[in-house]
Amino acid sequence: MEEEKTLKKMAEAFKELANTINQCPDGEARLELAAFSKSCSLVSPLFRCLGIAFKFAELDYVSKVDDLAEASKSILTLPVMMDGDIEANCVRRAGSHTRNLLRVKRGIDMVKVLFEHILSSEGNSLKDPASKAYAQVFAPYHGWAIRKAVGAGMYALPTRAQLLNKLNEDAKLDSQDISGYELYLSVSETSARIQMQNYISSAGPVIVY
């Protein structure tokens, strides 16, 4: 069903956030925390679908989004939230809303870069796009042990076709289809590629906001 398509929901939600930001080119956009956290929660299923390689990212991302969602019950906008942390001198403190916001934005960026590498590469494997995206976004902040664990998990990533199937993006894997490659091509030429590109375009302004 249309409402179940994760990529479409992600792309549309971030387009709304980007529109809010772009309507105030002077930087005075007041992004509502509730809308932001709700949009970010739509990204969580993607991390889950990537499997064990990004299990750490899923757990960390979900917990930080949950914190922002809880904060939105008493705080209206992101600027108000950050101003409150500045006044309380806790911006850099582990667990602060502002620090959690930074981690969430990093997760958004990880997905953006992953989609960029998927769209610019060929084949049915996600290993190369995911490895490059991880190296670019997450690896600089992780120690040797985590990087090694993630590297090992890359071999358990789903194929592109399997990922799209998990995300309900029009793909239905045939049990007789060994590689899923032809299926992926037919899907990627339609809604999947469009929604990935839409997310890439919209996520940029949100990340730098």
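Helices here are DSSP runs of at least four residues, numbered from the N terminus. With that convention in hand, the predicted model can be read from its overall fold down to single side chains.

The protein contains 10 helices and 0 strands, and its order along the sequence is accordingly α-α-α-α-α-α-α-α-α-α. Of its 209 residues, 46% are buried. Among contacts with a separation of 6 or more, 71% join residues that lie 24 or more positions apart.

A good place to look next is the largest pocket, which holds about 160 Å³ of space. Two elements, helix H4 (55-71) and H6, each give two or more residues to its lining. H4 provides the largest share, 4 residues. The full lining consists of Phe-47, Phe-56, Ala-57, Asp-60, Tyr-61, Arg-103, Arg-106, Gly-107, Phe-138 and His-142. By character, these residues divide into 5 nonpolar, 2 polar and 3 charged.

Helix H6, one of the two elements just named for the pocket lining, deserves a closer look. H6 covers residues 97-120, and its 24 residues should span 34 Å at 1.5 Å a residue. The C-alpha atoms at its ends are 35 Å apart, in agreement with that expectation. Of the 24 residues in H6, 17 are buried, so the helix is largely enclosed by the rest of the structure.

Two residues of H6 show what these surroundings look like in detail. Thr-98 lies in this helix and has a relative accessible area of 13%; because buried means under 20%, Thr-98 falls in that class. Its side chain makes a polar contact of 2.7 Å with the side chain of Asp-85. Asp-85 also appears among the residues that Thr-98 contacts beyond four places in sequence, together with Met-81, Met-82 and Val-91.

Lys-112 is also found in H6. Its relative accessibility is 16%, so this lysine counts as buried under the 20% cut-off. The side chain of Lys-112 makes a polar contact with the side chain of Glu-116, at 2.8 Å. Leaving out residues up to four places away in sequence, Lys-112 touches Tyr-199, Ile-200, Ala-203, Gly-204 and Ile-207.

Taken side by side, the two residues give a handy view of H6: Thr-98 has a polar side-chain partner in Asp-85, while Lys-112 has one in Glu-116. Both sit in a helix with 17 of its 24 residues buried.

Conventions
Residues are numbered from 1 along each chain as its sequence is written. This is a predicted model: local features need pLDDT of at least 70, side-chain atom pairs count only at pLDDT 80 or more; totals for chains, interfaces and linings use all residues. Side-chain values use heavy atoms; hydrogens and water are left out. The expected span of a helix is 1.5 Å times one less than its number of residues. Buried means under 20% relative accessible area, exposed over 50%, partly exposed in between (1.4 Å probe, protein chains only). A polar contact is a pair of N or O atoms within 3.5 Å; within protein, one must be able to donate a hydrogen and the other to accept it, and residues adjacent in sequence count only if both atoms are side-chain atoms. Contact means heavy atoms within 4.5 Å. On a 1 Å grid over the protein atoms alone, a cavity is a set of points where a 1.4 Å probe fits but cannot get out, and a pocket is an open set with protein on both sides within 12 Å along at least five of seven lines; lining residues have an atom within 4 Å of a point. Grid points are joined across faces, edges and corners, and a volume is the space filled by probe spheres set on the points. Ala, Val, Leu, Ile, Met, Phe, Trp, Tyr, Cys and Pro count as nonpolar, Asp, Glu, Lys and Arg as charged, and the others, Gly among them, as polar.
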